[in-house]
Amino acid sequence: MSLTVPEAVDAFGDEGAILVQSRMRSPAAITQVLSAGDPLPKARASSGDPAPAGSRILLTASEAELAAAVESAGSAEALRSAGIRAVVICGSLLAGPEAAAAEASEETGASLFTQLSQRDISVLVFTGGIDAAAARLYRAIADAAAAETERLAIMRQLLAAADADDPLASLVRVMARLCDGSAMVFDDSHALLHASGAGPVKLIAAHLAESAQAADGPFAVGRWSVAADRIRVRTHTYHLVLASHDSARLRTTSATVFETLRSILGSFGAVEGFARTQQVVSSAALLRELELGISVGAEQRSWQRMAELGFTPYSELHFIICASTSGAVFTRSDLDAILAPVHPPSTTSERDPSAARALPMLAIESARLGDQDPGMRLLIPAGDAAEGLVIGLGQVPGRLVTGVSEPFSQLSALPEIARATEAALRLARRSAMSANGTADPEATTASATVVRVDELSPLEWLLAGATSLRDRSVLAGYATELRTRPELFETMLSYLAADLTINRAAADLAIHPNTLRYRLTRIEELVGGALSDPLVIANLCLAFHSELLGRASRTRAAAE
């Protein structure tokens, strides 16, 4: 075992002090005590090498003997290369550094103590003799070795407990045994997660709740001495408590117990984070594979892979595509924020994180597939949780439009399902733009819009499929003269929006019904058919669908 320089000074008690501190304040571990007459170990070839595994402390009887030791070694650097990290001048008064100047080196012009400090060697003083100094140092090294042995034993017991079937219960039992008392773990609301021993759980919980800090250092509860520490694992905070009637035992074990548990629980958090990352990557790859298409025969294997991610095989699913219309990036973190209210933590899940089962999901960011608008493509189980997610997506104003598939369970049908959902997304985007009164996607600031495939009308389905330039050209080319005559164009929109009711449309336009009838006759001449003809009405609805949606949105807003 080894000592640091401050620990070596502590071994001397009131009879020792640091005269000159190493400028590097080295934490070198001292394992061997040498006297000035002892031969020095062979020096390292390079002065830049780290200290040897066994660093040493050199005991001298006077400053003159120290100077002679340096001269015998050749230089202060030679002492350092031999592993010397501290020297002790025994039989000296406890004087300050200003009273301890030695002869200057001819080579550097610096004092001996300065040379040693610059070479990372501390100078200590001890009022007793060399034999007494050596005895105290070796006793301190032996005590440190015993403490380290006990520390390693504590760590081994805690690590073994962490590998049990019930790690929490096992760890708490070992903690109680190590402090010869009681141990307990609380969550961040100071609710008890587990306890072992007869410690005063309620009184300790009350103390933690009243304290501004999770751990105020050791404190007493009745005849119990208590040590507490707060450990954060990812998004959760836990309070670890040791309580014992043996305060000395508590002092010697609590620091090691808390330090080891911090490392163990931190490792659990790292493993959890790694597993989550792996799950995100795996789910994205599987979703991409399903979207590209699998055979019916491959469905069983795909369901097995999805079961590993929490899905129930052959249950109904929803495919969802959400896209940002504001240019803002929409990532998995944004999705998690929407999902949080869908799965509010319960008391059970807080106490047992494994009891809280997140919504199974295959997800991939649309940007990874080359989509122009940032967003997410999701495959989730149908049910209340899916409905909660869709509602959450619909409550992101000015940012998202969403297409939702009908429920399905045949994985091989996903490519067709995805195309239908993309059609719903296009309609959602058009609805958002129409509600904003613009055909410019960049100007869209309307509230989020959700369109479900199973709620699409035949007209909407046809419009959703009109994606090519030729499709849009045909639609835009119908009744083009109406667009050049604002009065007739507004009359047509009001008439269609009023469900072909003369009086309602006239009131909306603030004109006489006969004036409206005259305008409708003009419109019939322009479109080449009667407005009582269902095919003419269908053509008008197809050609001016976006404008009709905008008119309907403004009418509803005015009514509200």
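**Strand pairing and burial in the predicted model**

Strands S11 (residues 317–324) and S13 (residues 375–381) pair in the antiparallel sense, over seven bridges. The model is a predicted one. Within this pairing, Phe319 of the model faces a partner in S13: Leu379 stands opposite.

S11 and S13 belong to an open sheet of five strands. The strand order is S12-S13-S11-S14-S15, and the pairing is mixed. The edges are taken by S12 (362–365) and S15 (449–452). Each of these two has a single partner strand, so one side of each lacks a neighbour in the sheet. On average, neighbouring strands of this sheet are turned by 15 degrees against each other, with direction ignored.

Strands of a sheet pair through backbone hydrogen bonds, in either a parallel or an antiparallel sense. The parallel sense is found for strand S3 with S2 and with S4.

Strand S2 (residues 30–35) pairs with S3 over five bridges. Ile30 stands opposite Ser55 in S3. Strand S4 (residues 84–90) also pairs with S3 over five bridges. Here Thr60 stands opposite Ile89 in S4.

Burial was then examined for S3. This strand spans residues 55–60, and six of its six residues are buried, that is, under 20% relative accessible area. S3 is therefore largely enclosed by the rest of the structure. Its side chains divide into two sets by direction. Ser55, Ile57 and Leu59 point one way. Arg56, Leu58 and Thr60 point the other way. Residues of both sets are buried. Ser55, which stands opposite Ile30, and Thr60, which stands opposite Ile89, are thus among the buried residues of S3.

Terms used: Residues are numbered from 1 along each chain as its sequence is written. This is a predicted model: local features need pLDDT of at least 70, side-chain atom pairs count only at pLDDT 80 or more; totals for chains, interfaces and linings use all residues. Side-chain values use heavy atoms; hydrogens and water are left out. Two strands pair if DSSP finds at least two bridges between them. Helices (H or I, at least four residues) and strands (E, at least two) are DSSP runs, numbered from the N terminus. Axes are lines fitted to C-alpha atoms, for helices over the stretch in contact, and angles run from 0 to 180 degrees between N-to-C directions. Buried means under 20% relative accessible area, exposed over 50%, partly exposed in between (1.4 Å probe, protein chains only).
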